[in-house]
Amino acid sequence: MPKPVVLIAEELSPATLDALGSDFEIRRCTGSDRDALLEALPGADAVLVRSATRLDAEAIAAGARLKVIGRAGVGLDNVDVPAASRAGVMVVNAPTSNIVSAAELTVGLLLAVARNIPQADAALRKGQWQRSRFTGVELADKVLGIVGLGRIGSLVARRMAAFDMRVIAYDPYVPPAYATQTGVEIVGLDELLTKSDFLTVHLPKTLETEGLIGFDALHRVKPGVRIVNAARGGIVDEAELYAALKEGRVAAAGVDVFATEPCTESPLFELENVVVTPHLGAGTAEAQERAGVAVAESVRQALAGRFVPEAVNVRLGTVDDELAPWLLLAERLGRLFTATAGSLPELLQVRVGGEIGRHDVAALELGALKGALGSVVEGGISYVNAPLIAQERGLATELLTGGDHPEHRSLLSVHGVLPSGEAVWVSGTLTGLQRRERLVDVCGFEVDLPLEGDVAFLRAPDRPGVIGAVGEVLGRAGQDVAGVQVARAADRAEILAAVHTAGPVAQSVLDDTAARIDATRSWSLEKSERTAR
Ligand SMILES: NC(=O)c1ccc[n+]([C@@H]2O[C@H](COP(=O)([O-])OP(=O)(O)OC[C@H]3O[C@@H](n4cnc5c(N)ncnc54)[C@H](O)[C@@H]3O)[C@@H](O)[C@H]2O)c1
Ligand SMILES: O=C(O)CC[C@@H](O)C(=O)O
């Protein structure tokens with residue numbers, strides 16, 4: 001019998017081959033060469049890549065025999081996971097393989113931008129012994145602002161505390177108790193921007209984070225701040241960073257990642273106060289070995305048809321036809337819960353009432369959790385890794401079943417109390433023979449909406465003229481409004497406006513609309529559904 005074929009599309013650690021063993025035929029191609037990739041994929045049962053191989057829907061479709069994609073690293077920016085899921089291809093990654101390396105590179109860039117090490121090195125190699133030109137600043141007693149206190153952000157925090165820096169962080173999705181354990185003070189984004197002498201970004205790239213450190217943020221920073229981005233290109237807007245460096249608002253920057261990679265030309269390269277590296281965060285022997293071995297083992301298990309702990313797109317096996325649509329609803333409600341809340345609670349409750357609650361609905365708890373974490377955690381959330389990630393960040397879940405609803409045969413709610421004490425919940429059901437998903441309740445506001453499409457939500461004081469104002473701002477922004485549903489709070493103090501638009505509403509337009517009607521909160525269904533690549 002022929003051996004399954006594993007296609008290695010990028011340079012991987014030799015340990016990867018050792019871990020694969022002799023049960024496979026190994027083929028190689030250069031994944032960044034599109035034609036070569038498309039030619040090699042049809043013969044492959046598994047493909048192993050790093051970040052330079054684009055496995056989009058076309059490439060996945062070309063891999064007619066493909067059963068598993070192994071990403072030797074964390075980021076799945078280059079893999080179309082939904083397309084792989086649709087094609088039944090398992091995607092595995094190695095989410096913790098390179099976090100130490102990425103944190104250490106960040107430390108290196110922080111030191112480099114403090115002390116001009118690369119610039120001084122380059123000058124001396126040209127025969128220039130210039131000491132005062134490269135006078136730097138100390139790290140000790142300075143404020144380090146970390147944006148995103150996840151795996152890498154936390155490692156950076158620990159390391160920089162040893163440099164006697166005062167570490168503060170902005171991350172609305174970590175519980176304050178977790179931050180306290182790591183010795184970091186959690187602050188709002190504004191406070192972080194205005195207080196930080198050094199600022200380092202460790203966010204996933206999502207619709208919410210892309211350009212987060214852009215025009216506004218770079219005009220609010222403490223003058224002379226030094227900024228490092230070793231997360232993902234585009235989170236710090238390159239053009240705005242260039243302007244801020246030129247104007248001296250930012251004293252120096254260390255950049256490992258770029259909006260478009262490979263990046264061999266950039267205005268940033270012309271500035272002396274910029275230190276750049278070609279996406280080297282994971283570029284260590286140790287990280288590459290860990291990543292290669294981890295994906296090789298996952299690929300072995302996947303091709304043997306076994307349970308794969310690192311799979312990012314494997315669904316629960318025991319979900320019957322009755323439960324399957326409820327599981328999708330639970331995931332969608334989980335995502336909408338996070339978009340509505342803007343942060344995560346310590347306890348996420350999944351409440352299942354009515355007929356469906358009389359089935360074994362344990363999977364719905366996981367579905368909601370997967371949805372709730374999906375848009376805030378980098379590297380792909382699966383039914384397998386969601387509980388582990390929730391545990392790491394102190395997020396517990398609880399499934400409550402029972403009770404009937406006067407209006408709905410079955411009702412599923414995702415509920416949580418935020419650190420501020422505010423309760424947030426979203427409820428949905430399935431209706432009709434087609435079992436269509438409907439959103440029926442958002443924090444006590446009764447609605448009747450599909451759970452897909454372009455819907456923006458605004459929660460605002462109940463005043464005359466609110467809906468007209470919403471239409472006017474959106475209209476001025478060229479946004480076609482297809483319909484508006486307004487729900488009033490029982491005490492008539494607030495309304496919830498759900499605005500259907502023909503196409504997604506840009507965040508800036510949503511912010512303008514919210515400002516115009518003094519909305520206390522605004523969010524969108526679309527944002528909860530999509531994660532930027
Ligand atoms: N340069 C490299 O070679 C390299 C190597 C590894 C990882 N990375 C990148 O580093 C980044 C961080 O990776 P990680 O493993 O620490 O991810 P992680 O998921 O563990 O942490 C990300 C953190 O960001 C927070 N977050 C999400 N959305 C936010 C928002 N809008 N505002 C504030 N905080 C928000 C999350 O709560 C989470 O704590 C990712 O972009 C990853 O792709 C780069
Ligand atoms: O070096 C790589 O392949 C990418 C490293 C890192 O950004 C990742 O996503 O794992």
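The following exercises, each with a worked solution, concern the sheets, helix packing and ligand shells of a predicted model.

**Exercise 1.** Determine the strand order of the open sheet of 4 strands, and place the helices that lie across its strands.

*Solution.* Begin with the order, which is β20-β21-β19-β22, with antiparallel pairing. The edges follow from the pairing, since β20 (481-488) and β22 (521-524) each pair on one side only. From one strand to the next the twist averages 15 degrees. Turning to a single pair, β20 and β21 (residues 494-501) are joined in the antiparallel sense over 7 bridges, and within this pairing Val486 has Ala497 of β21 as its bridge partner. Then add the helices: α16 (residues 466-476) lies across β19 (455-461), β20 and β21, and runs at about 35 degrees to β21, while α17 (residues 507-516) lies across β19 and β22, at about 150 degrees to β22.

**Exercise 2.** Describe how α16 and α17 pack, and decide whether α16 is roughly parallel or roughly antiparallel to α17.

*Solution.* Take the geometry as the starting point: the axes of α16 and α17 are 9 Å apart and the packing angle is about 150 degrees. Because angles over 145 degrees count as roughly antiparallel, α16 is roughly antiparallel to α17. The crossing of these two helices is right-handed. Next, list the residues that meet, namely Ala469, Val470, Val473 and Leu474 in α16, and Val509, Asp512, Thr513 and Arg516 in α17. Sorted by class, this contact of α16 with α17 comprises 5 nonpolar, 1 polar and 2 charged residues.

**Exercise 3.** Characterise the packing of α13 against α14 by angle, axis separation and contact residues.

*Solution.* Helix α13 (residues 324-341) packs on helix α14 (residues 362-374) at an angle of about 35 degrees, and their axes are 6 Å apart. The crossing of α13 and α14 is right-handed. On the α13 side the contact includes Trp326, Leu327, Ala330 and Phe337, and on the α14 side Ala363, Leu364, Gly367 and Gly371 are among the residues involved. Divided by class, the whole contact of α13 with α14 holds 10 nonpolar, 5 polar and 4 charged residues.

**Exercise 4.** Work out the arrangement of the open sheet of 5 strands, and find the orientation of α12 with respect to β4.

*Solution.* The strands are ordered β2-β1-β3-β4-β5, with parallel pairing, and the edge positions belong to β2 (25-28) and β5 (90-93), each of which pairs on one side only. The twist averages 20 degrees from one strand to the next. Within the sheet, β3 (residues 46-49) and β4 (residues 68-71) run parallel and are joined by 4 bridges, with Val68 of β4 serving as the bridge partner of Ala46. Finally, α12 (residues 285-303) lies across β1 (5-8), β3, β4 and β5, running at about 170 degrees to β4.

**Exercise 5.** Describe the residue shells around ligand 1 and ligand 2, with their division by class.

*Solution.* Start with ligand 1, around which there are 34 residues, with Gly148, Gly150, Ile152, Tyr173 and Gly281 coming nearest. Helices α5 (99-115) and α7 (151-161) each supply at least two residues of this shell, and the largest share, 3 residues, comes from α7. The shell around ligand 1 divides into 18 nonpolar, 9 polar and 7 charged residues. Ligand 2, in turn, is surrounded by Arg50, Ser51, Gly73, Val74, Gly75, Asn98, His279, Gly281 and Ala282, a shell with 2 nonpolar, 6 polar and 1 charged residues. Comparing the two lists, Gly281 appears around ligand 1 and also around ligand 2.

Note on methods
Residues numbered from 1 in each chain as written. Chains lettered and ligands numbered in written order. Predicted model: local features only at pLDDT ≥ 70, side-chain atom pairs only at ≥ 80, totals over all residues. Pairing = 2+ DSSP bridges. Axes fitted to C-alpha atoms, helices over the stretch in contact; angles between N-to-C directions. Contact = placed C-beta atoms within 7 Å. Near = placed C-beta within 6 Å. Nonpolar A, V, L, I, M, F, W, Y, C, P; charged D, E, K, R; others polar. Left-handed = near helix turned anticlockwise from the far one by under 90°. Parallel < 35°, antiparallel > 145°, perpendicular 65-115°, else oblique.
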